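Subject: Handing over a structure, with notes

Dear colleague,

I am passing on the structure below so that you can look through it yourself before reading my notes. Please keep it open beside this email, since the notes go from one part to another.

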Amino acid sequence: MTPANDLVQVSASVHFWQAYEASAKADLCSTAVQTAAGLLIVDPVPLQPKLLQQLVGERLIAGVFVTNINHCRAAIEFAEKLAASIFAHNATRVACELPSARKVSDGEIFVANACAVEIQGAAAGEMAIYHEKDGGALIIGDALINFEPYGFAFLPPKYCSNAKEMRRSLRRLLDYNFERMLFAHGTPLMHSARKKLEELLLNQE
């Protein structure tokens with residue numbers, strides 16, 4: 001995969017980048033969020049060295065998070081380069097062969113200001129990350145997407161282990177207050193993300 005050549009600052013504490021994966025015929029998106037423990041990098045795809053240096057600078061690194069079994073991507077390379085720990089659901093640790101990764105449980109605040117929320121029914125090991133700062137942000141693996149021709153939508157049923165269970169599980173995200181949502185596949189929602197998720201879930205009832 002060609003490293004991403006664009007780094008976007010979404011808010012004071014959140015950055016986003018993406019790169020095209022020819023084998024998947026899709027853009028793969030990554031997020032970095034500044035927590036009180038340091039920079040947390042989520043589902044990383046390769047980033048041009050000068051942009052990685054711009055992102056990291058002199059920051060402490062809180063870790064690298066893998067949101068499900070399909071998203072190991074460049075997590076190992078980032079962890080090694082930055083001397084950082086990898087965090088993941090146990091199913092992801094096993095499937096991605098990450099025995100040294102730290103197992104994260106549902107509802108766990110695994111680093112300061114960052115909480116993992118398990119989403120059942122999507123890909124195995126699926127976890128969203130809630131970050132409470134700057135109006136709140138959710139970082140999503142596969143359960144929600146935001147790209148054409150779907151727009152902001154649920155992961156299509158053919159990619160789900162149980163689409164109905166996934167939609168029920170996603171309702172748990174409404175327990176959190178967040179203005180923004182970022183994705184492993186799709187353009188970030190910059191405003192009113194919680195309201196948009198609530199409307200999406202209501203339309204499925």
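Two strands are taken as paired if DSSP finds at least two bridges between them. With that in mind, Gln 9 stands opposite His 15, which belongs to strand 2. Please bear in mind throughout that this is a predicted model.

The sheet is a good place to begin. Seven strands make up an open sheet in the order 1-2-3-4-5-6-7, and the pairing within it is mixed. Strand 1 and strand 7 (102-103) are at the edges with a single partner strand each, so one side of each has no neighbour in the sheet. Strand 1 (residues 8-9) runs antiparallel to strand 2 and is joined to strand 2 by two bridges, and these two strands form a hairpin in which four residues lie between them.

Strand 2, which spans residues 14-21, is mostly covered, with six of its eight residues buried. Strand 2 is also joined to strand 3 (residues 26-35) by eight bridges, and this pair runs antiparallel; within the pair, Gln 18 of strand 2 stands opposite Cys 29 of strand 3. The hairpin of strand 2 and strand 3 has four residues between the strands, and in this hairpin Lys 25 takes a positive phi near 55°.

Strand 3 also contains Ser 30, and one may ask whether Ser 30 is buried or exposed. Ser 30 has a relative accessible area of 1%, and because buried means under 20%, Ser 30 counts as buried. A polar atom of the Ser 30 side chain lies 2.7 Å from the backbone oxygen of Asp 43. Residues up to four places away in sequence aside, Ser 30 touches His 15, Phe 16, Trp 17, Val 42, Asp 43, Pro 44, Val 45 and Arg 73.

The helices come next. In helix 1 (residues 49-56), the residues Leu 51, Leu 52, Leu 55 and Val 56 are buried. These four cover an arc of only 130° around the axis, and therefore they are on the same side of helix 1. Pro 49, Lys 50, Gln 53 and Gln 54, by contrast, are exposed on the other side of helix 1. The cover over the buried residues of helix 1 includes strand 2, strand 3, strand 4, strand 5 and helix 2. After helix 1 comes Gly 57, which has a positive phi near 50°. Helix 2 (residues 75-82), for its part, lies across strand 2, strand 4 (38-42), strand 5 and strand 6 (86-88), and runs at about 170° to strand 5.

The aromatic rings deserve a separate look, and the count comes to six aromatic pairs. In one of them, Phe 65 and Phe 110 have ring centres 4.9 Å apart and planes at 40°, so this pair is tilted. This pair links distant parts of the chain, since Phe 65 is in strand 5 (residues 61-66) and Phe 110 is in strand 8 (residues 109-111), 45 residues apart. Both Phe 65 and Phe 110 are buried.

Tyr 130 and Tyr 176 form another tilted aromatic pair, with 4.8 Å from centre to centre and 40° between the planes. Here too distant parts of the chain are linked: Tyr 130 is in strand 10 (residues 127-131), whereas Tyr 176 is in the loop between helix 4 (163-170) and strand 14 (180-183), 46 residues apart. Tyr 130 is buried, with a relative accessible area of 12%. Returning to Phe 65 and Phe 110, these two form one aromatic cluster together with Phe 87.

One last residue is worth finding on the screen. Gly 141 lies in the loop between strand 11 (137-140) and strand 12 (144-147), and at 0% relative accessibility Gly 141 counts as buried. Which residues is Gly 141 in contact with, leaving aside its neighbours within four places in sequence? They are Asp 43, Thr 67, Asn 68, His 71, Glu 126, Met 127, Ala 184 and His 185. The C-alpha atoms of Gly 141 and Leu 182 are separated by 8.8 Å, although the two residues are 41 residues apart along the chain.

With best wishes

Definitions and conventions
Residues are numbered from 1 along each chain as its sequence is written. This is a predicted model: local features need pLDDT of at least 70, side-chain atom pairs count only at pLDDT 80 or more; totals for chains, interfaces and linings use all residues. Side-chain values use heavy atoms; hydrogens and water are left out. Buried means under 20% relative accessible area, exposed over 50%, partly exposed in between (1.4 Å probe, protein chains only). Rings of Phe, Tyr and Trp (its six-membered ring) pair if their centres lie within 6.5 Å; planes under 30 degrees apart count as stacked, over 60 as edge-to-face and the rest as tilted. Contact means heavy atoms within 4.5 Å. Axes are lines fitted to C-alpha atoms, for helices over the stretch in contact, and angles run from 0 to 180 degrees between N-to-C directions. A polar contact is a pair of N or O atoms within 3.5 Å; within protein, one must be able to donate a hydrogen and the other to accept it, and residues adjacent in sequence count only if both atoms are side-chain atoms. The arc is that of the directions from the helix axis to the C-beta atoms.
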